[in-house]
Amino acid sequence: MTGSKLVIEIRSNRVMAAWGGRRAGWIDEPIPEDLDRDSLGAWLKERLAEAGAPSGKVLLAVPRREAVLLQLELGAPAEASESDLHSIARLSLGSHSTLDPHACVLDVVKSVDGRHAVCAAPAEIVEDIKRILKAAGRSVVGVTNRSSGLANVSRSEDPHLVLLVGAREIELAVINDGVPVLARHLNRNGDVESDIAKIVSEVHRAVTSAKLVGGLQELSAGYIHAESSLRKELVQQLG
C-alpha cells in the first residue's frame, strides 16, 4: 500500500483525495450531475491539476461500504514473495469475511506483531474505478480503505493522529507504525461550530482510547486536512 503520495476515493457522486509532502492538500467535491462515466476521467484530471495534486500513481481508497480491511496472521515465511502473500491471504479471506475471495482485488502489506494488513474489495468495483483513473492519466499502485490511505499520506512511523474534514464527512484515525490502530467516521451536520465541538470531543476520546486500549504513549503529531479557516480553528482548539 505504499509508493504513492496521493490517495483518492471515487464514489458514484463524489470524489475525495488527499496528498502529503511539502505541498500537502486535498479535495472533496461532488461529481457534476451532467458527467457520464466516459467524461469523468477528463474532469478528474483537470480538478487534480487545479488543486496542485502530485503527479504519478495513486493509492485507491475503496468506499468503506465496499472494502474490508483485516489484520491477519498469515503464517507466511519472511522470504515469501508478493504473489505468495496474495495467495495465502486469498485462502484466509474466506474464513474472515463474507466477500468471495475469488472475485476480489487484494492488497497485502506487513503490519505489526508479525501480522499482515489485508484489504479486499470486489474486483468489478475496483476495475470500474481504475478505468476512470486511467482516463485521468493515473494508474493504481494499491487498494486500501480511507483510514489506511490517510496513514499512507502522513508517512510517519511514530504514533500520530490524522484528521480529514470533508464537506459531509469526517474521518479520524490514530496511526502507529503506518497502521491505523483506531478509526472513527463522523457525519457533519451543517453547523460549523457544532462540527468543531464534535471533532474536538472525538479527537480527545480517540487519543484516550488509543492510550488505554492500544497501549500507546504520547502521539507525536497531528495531521489535519480541512478547509483553511476550519483547519486554523481546529489547530487552535486542539493545541
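In the predicted model, helix α5 meets helix α6 through V192, I196, I199, V200 and V203 on the α5 side and L230, E233, L234, Q237 and L238 on the α6 side. Sorted by class, the residues of this contact are eight nonpolar, one polar and one charged. Helix α5 spans residues 192-212 and helix α6 spans residues 228-238; their axes approach to within 11 Å and cross at roughly 45°. Because an angle is called oblique when it lies outside the roughly parallel, roughly perpendicular and roughly antiparallel ranges, α5 is oblique to α6. The crossing of α5 and α6 is right-handed.

A second helix pair is formed by α1 (residues 37-51) and α3 (residues 123-135), with axes that come within 7 Å and cross at roughly 50°. This angle makes α1 oblique to α3. The crossing of α1 and α3 is right-handed. Helix α1 contributes R37, L40, G41, A42 and L44 to the contact, and helix α3 contributes D128, I132, L133 and A135. Six nonpolar residues, one polar residue and two charged residues make up the contact of α1 with α3.

Helix α1 also takes part in the packing around a sheet. This open sheet has five strands in the order β3-β2-β1-β4-β8, and its pairing is mixed. Strands β3 (25-30) and β8 (140-144) are the edge strands, each pairing on one side only. From one strand to the next, the twist averages 20°. Strand β4 (residues 58-61) runs parallel to β8, and four bridges join the two. Within this pair, L60 has V143 of β8 as its bridge partner. Helix α1 packs on the sheet and touches β1 (6-10), β2 (14-19) and β3; the direction of α1 makes about 140° with that of β3. Helix α4 (residues 146-154) packs on the sheet as well, touching β1, β2, β4 and β8, and the direction of α4 makes about 30° with that of β2.

Another strand pair consists of β10 (residues 169-176) and β11 (residues 179-187), which are antiparallel and are paired over eight bridges. In this pair, I170 stands opposite L186 of β11. The hairpin of β10 and β11 has two residues between the strands, and D177 takes a positive phi near 55° in that hairpin.

Strand β10 also holds I175. The relative accessibility of I175 is 0%, so this residue counts as buried, the cut-off for buried being under 20% relative accessible area. Apart from neighbours within four places in sequence, the contacts of I175 are S147, A151, D158, P159, H160, V162 and P180. One of these residues, P159, is 16 residues away from I175 in sequence, while the C-alpha atoms of the two are 5.5 Å apart in space. Two others among the contacts of I175, S147 and A151, fall within the range of helix α4, residues 146-154. P180, also in contact with I175, lies within the range of β11, residues 179-187.

Note on methods: Residues numbered from 1 in each chain as written. Predicted model: local features only at pLDDT ≥ 70, side-chain atom pairs only at ≥ 80, totals over all residues. Heavy atoms only, no water. Axes fitted to C-alpha atoms, helices over the stretch in contact; angles between N-to-C directions. Parallel < 35°, antiparallel > 145°, perpendicular 65-115°, else oblique. Left-handed = near helix turned anticlockwise from the far one by under 90°. Contact = heavy atoms within 4.5 Å. Nonpolar A, V, L, I, M, F, W, Y, C, P; charged D, E, K, R; others polar. Pairing = 2+ DSSP bridges. Buried < 20%, exposed > 50% of the residue type's maximum accessible area, 1.4 Å probe, protein only.
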